[in-house]
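Visitor: I have a structure open and I'd like to learn how to read it. Could you walk me through it?

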Protein chains: 2
Amino acid sequence: MENSEASPHRSGCPINLGLEVFGDKWSLLIVRDMMFSGKRHFREFLASEEGISTNILADRLAKLVEAGVLTRAGDPAHKLKAIYSLTEMGIELLPIVAEISRWSRKYQPVDPVMAATGEARDRGGPGAVAAQMEALRRVHLNGEI
Amino acid sequence: MENSEASPHRSGCPINLGLEVFGDKWSLLIVRDMMFSGKRHFREFLASEEGISTNILADRLAKLVEAGVLTRAGDPAHKLKAIYSLTEMGIELLPIVAEISRWSRKYQPVDPVMAATGEARDRGGPGAVAAQMEALRRVHLNGEI
DNA sequence: CTCCAATGATTGCATTTTGCAAGTGATTGC
DNA sequence: GCAATCACTTGCAAAATGCAATCATTGGAG
């Protein structure tokens, strides 16, 4: 948690720059948990089925906050509780997550239960993703974007 | 390059299963090079701006072939040359790549030159991705899917 | 008050992955 | 022949990851 802007990007290619932010096995799972399970607290992310460890989770949360995908705030009721929110930048990762879901449901041995939300989104047509993003904005962005 | 099917997936979640295939900093760059630069040979991937090293490239190509995203064949003209092709599964990664491109062009300091192809695709409307996939099928899948 | 469980982390250490340079064996061009 | 080119492989240092234990703070119970 120190360097503010020393980024020597590997290249200016859009695909590469995206992968530099979330191109690992954990970051998008955190985003997924915020989007589809309403998780906001450290302990909640820790409880996910994939079993992320505390140091990796702390590292990824810090990197996502630094990248501007999440914000971190103290819970007003519990000073110990940190509460994480998606930014507009984070909410706009939903189309990417939705396309990954669609690809995996077509080509990977997904759990039918876990595939249900994605299938419902597909049945909802093109507007479903936009509607889901609007719902996330109402929860994570208190009015202001 | 040995275990054929011992995969104890971290979970059956579609997002997770996708990330297990291409959730790293290099795999989607190889796919990108095949899609947008027409690269098919080891040396061509090696020449990309991001500077992948030979062992990582060999490892990723093997993993992508094993996952069914790519196929590997000997070049009939040059026995030394291996030629890699996208499968239908690989071609259908284009919507994911396109959404990553769109997100990065909105939120990351992309190189305007490299952003041009993505911008053109966006201007082409919803059919542009499908058309690009059709073009890839004609090059990579000789008739048969 | 004191104790104690719960919070979001940090630390130490073994294992795994990555990055880099050099080398390998099989072909091809001259 | 003989150097150049091809797709890799190998060795080794550095970085990232995984795991368990631990930390400091806080809020609540007694």
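Visitor: How far is a phosphate oxygen of DNA strand C from an N or O atom in the side chain of Arg72(A)?

Guide: Keep in mind that this is a predicted model. To judge a polar contact, look for a pair of N or O atoms within 3.5 Å. Here the side chain of Arg72(A) has an N or O atom 3.0 Å from a phosphate oxygen of DNA strand C. Trp26(B) does something similar, with a polar side-chain atom 3.0 Å from a phosphate oxygen of that strand. Don't skip the backbone, either: Phe42(A) places a backbone N or O atom 3.3 Å from a phosphate oxygen of DNA strand C.

Visitor: Which residues are closest to DNA strand C?

Guide: Start with the neighbours, then ask what part of the DNA they meet. Of the 18 residues around DNA strand C, the closest are Arg43(A), Thr54(A), Tyr84(A), Asn55(B) and Arg60(B). Of the strand's atoms within 4 Å of the protein, 51% belong to sugar and phosphate.

Visitor: Which element gives the most to the surface near DNA strand C?

Guide: That's α4(B), with 4 residues. Sorted by class, the surface near this strand has 9 nonpolar, 5 polar and 4 charged residues.

Visitor: OK, let's look at that helix. Which residues of α4(B) are buried?

Guide: For a helix, check its length, then see which way its residues face. α4(B) runs through residues 54–67 and spans 20 Å from first C-alpha to last, close to the 20 Å expected. Its buried residues are Leu57(B), Arg60(B), Leu61(B) and Leu64(B). They sit on the same side of α4(B), because they cover an arc of only 100 degrees around the axis. Asn55(B) and Glu66(B), on the other side, are exposed; burial here is worked out with protein chains only.

Visitor: What do the buried residues of α4(B) pack against?

Guide: They pack against α1, α2, α3, β1 and β2 of chain B. Just past the helix comes Gly68(B), with a positive phi near 95 degrees.

Visitor: And the other strand: which atom of DNA strand D is 3.0 Å from the side chain of Arg43(B)?

Guide: Here, check whether the DNA partner belongs to a base or to the backbone. For Arg43(B), a side-chain N or O atom is 3.0 Å from a base nitrogen of DNA strand D. Arg60(A), by contrast, has a side-chain N or O atom 2.7 Å from a phosphate oxygen of DNA strand D. Arg72(B) also goes to a phosphate oxygen of that strand, at 2.9 Å.

Visitor: Which element gives the largest share of the surface near DNA strand D?

Guide: α4(A) does, with 4 residues.

Notes
Residues are numbered from 1 along each chain as its sequence is written. Chains are lettered from A and ligands numbered from 1 in the order in which they are written. This is a predicted model: local features need pLDDT of at least 70, side-chain atom pairs count only at pLDDT 80 or more; totals for chains, interfaces and linings use all residues. Side-chain values use heavy atoms; hydrogens and water are left out. Helices (H or I, at least four residues) and strands (E, at least two) are DSSP runs, numbered from the N terminus. The expected span of a helix is 1.5 Å times one less than its number of residues. Buried means under 20% relative accessible area, exposed over 50%, partly exposed in between (1.4 Å probe, protein chains only). The arc is that of the directions from the helix axis to the C-beta atoms. Contact means heavy atoms within 4.5 Å. A residue is near a molecule or strand if one of its heavy atoms lies within 4 Å of it. A polar contact is a pair of N or O atoms within 3.5 Å; within protein, one must be able to donate a hydrogen and the other to accept it, and residues adjacent in sequence count only if both atoms are side-chain atoms. Ala, Val, Leu, Ile, Met, Phe, Trp, Tyr, Cys and Pro count as nonpolar, Asp, Glu, Lys and Arg as charged, and the others, Gly among them, as polar.
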